[in-house]
Amino acid sequence: MNSQTGNPTTRRVDVIVVGAGFGGMYAVYRFRELGKNVLGIEAGGNVGGVWYWNRYPGARCDLMSVDYSYGFSDEIQQEWSWSEQFAAQPEILAYANFVADKLKLRDNYLFDTRVENAVWDDKAKLWRTTLSSGEIVEAPYCIMATGPLSVPKDPEIDGIDKFKGRILRAQKWPHEKVDFAGKRVGVIGTGSSGIQIVQEVGRQAGELYVYQRTPSWTLPMRNHTLSEEYIAEMKANYPGMRAAMRLNPTGGTRPVTSRPFFSLPPEQRKQTMEQAWINGGHTFLGSFSDLLVNQAANDQVAEFVRGKISEVVEDPETAEALKPQGYPIFARRPCLDTEYYETYNLPNVHLKNCLKDPIVEITENGIRTESGEVELDMIIFATGYDALTGALMAFRVEGRNGRTINEKWKGGAQSYLGLMVEGFPNMFLTCGPNGPAALANIITISEHDVDWIADLINHMEQNGQSVVEATEAGEKRWMEVVTNLAAMSLVRKAKTWWVGANVEGKSQGLTMFIGGFHKYAEACTAAKAGGYPELSFEPALENAEA
């Protein structure tokens with residue numbers, strides 16, 4: 001704000017990057033290396049994205065550390081050493097800060113700042129963004145690195161404001177330590193965050209009540225510390241591993257197979273599943289090729305995992321309530337845990353089955369279900385996000401002719417390659433809703449997406465062009481690819497955030513590209529190699545009349 005006139009100040013840069021998660025951080029670095037004047041804008045107080053906010057007990061990545069790390073800088077790879085196979089939140093946040101320090105990324109960021117609106121000026125050929133500080137920032141290019149999981153969602157339960165105890169949210173956890181000793185704690189939600197919270201808080205709280213509506217499929221993580229010898233091997237072999245990751249459907253190092261479930265006789269199938277359970281992690285998905293397209297195969301794996309729950313949980317009624325029913329395994333995000341089911345054997349941990357005994361309201365003193373009220377000192381909401389599209393629809397993004405992204409996506413997310421949106425020139429997405437998004441390694445996707453965008457902008461500038469936009473036909477064709485693939489997948493059969501079912505009134509449908517990261521990358525490479533035939537370009541302003 002101009003202190004003399006009271007009018008907002010206006011800053012001009014080459015590229016605006018919204019978000020300081022791993023996608024935004026790499027975008028700032030990449031475009032700065034291209035000589036661009038880059039400004040990053042981040043609502044949080046520092047880098048890290050979701051890991052800046054998610055500090056709840058037990059917060060941990062369910063991708064292996066070797067996967068969940070940058071591959072663009074060998075210097076970073078060699079200087080940083082992970083301590084565990086699956087890194088915990090403090091270590092991931094420390095890694096983000098290490099990268100930011102190493103690359104001096106904070107010099108290009110405004111923290112504790114939100115984008116209130118972003119409007120395309122068709123005459124000036126630029127994006128004009130208004131920030132929460134009152135400042136206006138203009139740039140020809142806008143990179144929306146807002147991430148698929150960044151807008152928290154409270155449960156739709158009456159009485160939240162009445163509760164006189166403490167309410168905690170997994171997605172925006174306090175920075176200071178929370179003491180659960182002797183406290184009566186309620187957890188609402190048993191997705192990935194809820195599972196991680198329960199297995200930690202159950203061993204700390206006086207009494208823990210877990211309010212579960214839909215049980216999740218969760219598999220043993222089998223986490224362990226990494227030896228110095230293994231770390232040295234990993235660093236020596238990073239180039240080969242990164243190359244393999246780019247060819248892997250998961251965008252990571254997780255093994256994949258072309259072997260269908262019923263190609264093995266029953267005894268061998270059982271042995272394979274037993275070994276996958278022992279190995280832990282997501283090795284089940286790498287054991288058989290058809291678990292998300294063959295319902296009969298999926299049913300047998302699901303029943304195997306249900307049997308494991310009965311082996312662990314001592315109380316038969318609790319064990320049955322914890323068994324997912326009615327939707328395919330892996331159709332809801334498969335969670336990884338460390339003795340989650342064992343937690344229910346503790347005398348102070350109580351499962352509240354909300355399918356049989358629904359929550360009626362939150363009261364001044366606790367949570368009331370149809371069967372009665374439980375008095376609590378703390379309630380933890382582990383109820384997820386308005387995922388995939390929520391972050392971009394949380395502020396006003398206005399493209400050509402005043403049309404907003406909320407209007408464009410009213411019937412569901414539509415984009416070209418998950419990277420560009422028709423009607424929104426020079427706006428680019430990283431990990432967009434119609435790419436592999438949550439179905440593959442987000443850092444691999446982010447690096448790929450930023451590189452593709454950078455190559456496109458280089459192509460434009462070399463050809464005297466200043467504006468690029470996805471054509472309506474190109475976007476329609478890509479959405480047909482996404483839709484046709486989704487129709488073959490069992491993923492669509494579960495009511496999850498993957499299909500928008502966790503947000504009331506949100507358009508539902510599986511809009512992610514499920515063909516695997518490698519096939520997604522092939523499609524993007526083909527678009528580039530073909531000269532971007534499904535994009536439209538406009539000449540630079542000084543060449544407009546020519």
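How many bridges join strand β10 to strand β11, and do these strands run parallel or antiparallel? Let's start there. Five bridges join β10, residues 184-188, to β11, residues 207-212, and the two strands run parallel. For one pair you can find on screen, take V187: its bridge partner in β11 is V210. Before I go on, please keep in mind that this is a predicted model.

Okay, let's zoom out to the sheet. Those strands belong to an open sheet of five, in the order β9-β18-β10-β11-β14, with parallel pairing. At the edges stand β9, residues 166-169, and β14, residues 349-353. Each edge strand has a single partner, so one side of each is left without a neighbour in the sheet. And if you go from one strand to the next, the twist averages 20°. As a bit of background, strands of a sheet pair through backbone hydrogen bonds, either parallel or antiparallel.

Now the inside. In soluble globular proteins, nonpolar side chains tend to be buried together. Here, the largest nonpolar core has 67 residues, and F22, M25 and W452 are the ones with the most contacts inside it. Where does the largest share of this core come from? That would be helix α13, residues 442-462, which supplies nine residues. If you'd like to look around M25, its contacts away from its own stretch of sequence include V47, Y70, V99, L105 and Y109. There is also a second, separate core of 30 residues, and A59, I197, I309 and V349 are among its members.

Stay with α13 for a minute, as we need it for the salt bridges. The structure holds 33 of them. One is between D455 and R30, with the closest N and O atoms 3.8 Å apart. Why is this pair worth a look? D455 lies in helix α13 and R30 in helix α1, residues 22-33, so the pair ties together parts that are 425 residues apart in sequence. R30 counts as buried, at 18% relative accessibility, while D455 is partly exposed, at 25%.

Next one: K36 and E461 meet in a salt bridge of 2.5 Å, N to O. K36 sits in the loop between α1 and β3, and E461 is in helix α13, so this pair too ties together parts 425 residues apart in sequence. Buried or partly exposed, which is K36? K36 counts as buried, at 16% relative accessibility, whereas E461 is partly exposed, at 38%.

For a third example, K323 pairs with E320, the closest N and O atoms being 2.7 Å apart. K323 is buried at 10% relative accessibility, and E320 is partly exposed at 44%. Salt bridges also link up into a network, made of D122, K125, R400, E469 and E538.

Last stop, helix α7, residues 238-246. Which of its residues are buried? They are Y238, M241, R242 and M245. Seen down the axis of α7, these buried residues fall within an arc of 100°, so they line one face of the helix. What do they pack against? The list is α3, residues 74-79, α6, residues 228-236, α15, residues 517-529, and, once again, α13.

So if you open the model afterwards, α13 is a good name to look for: it turns up in the largest core, in the D455 and R30 pair, in the K36 and E461 pair, and beside the buried residues of α7. That's me done, thanks.

Methods:
Residues numbered from 1 in each chain as written. Predicted model: local features only at pLDDT ≥ 70, side-chain atom pairs only at ≥ 80, totals over all residues. Heavy atoms only, no water. Core = buried A, V, L, I, M, F, W, Y, C linked by side-chain atoms within 4.5 Å. Buried < 20%, exposed > 50% of the residue type's maximum accessible area, 1.4 Å probe, protein only. Helix = DSSP H or I, 4+ residues; strand = E, 2+ residues; numbered from the N terminus. Contact = heavy atoms within 4.5 Å. Salt bridge = Lys/Arg side-chain N within 4 Å of Asp/Glu carboxyl O. Pairing = 2+ DSSP bridges. Axes fitted to C-alpha atoms, helices over the stretch in contact; angles between N-to-C directions. Arc of directions from axis to C-beta. Lists of a residue's contacts leave out its neighbours within four places in sequence.
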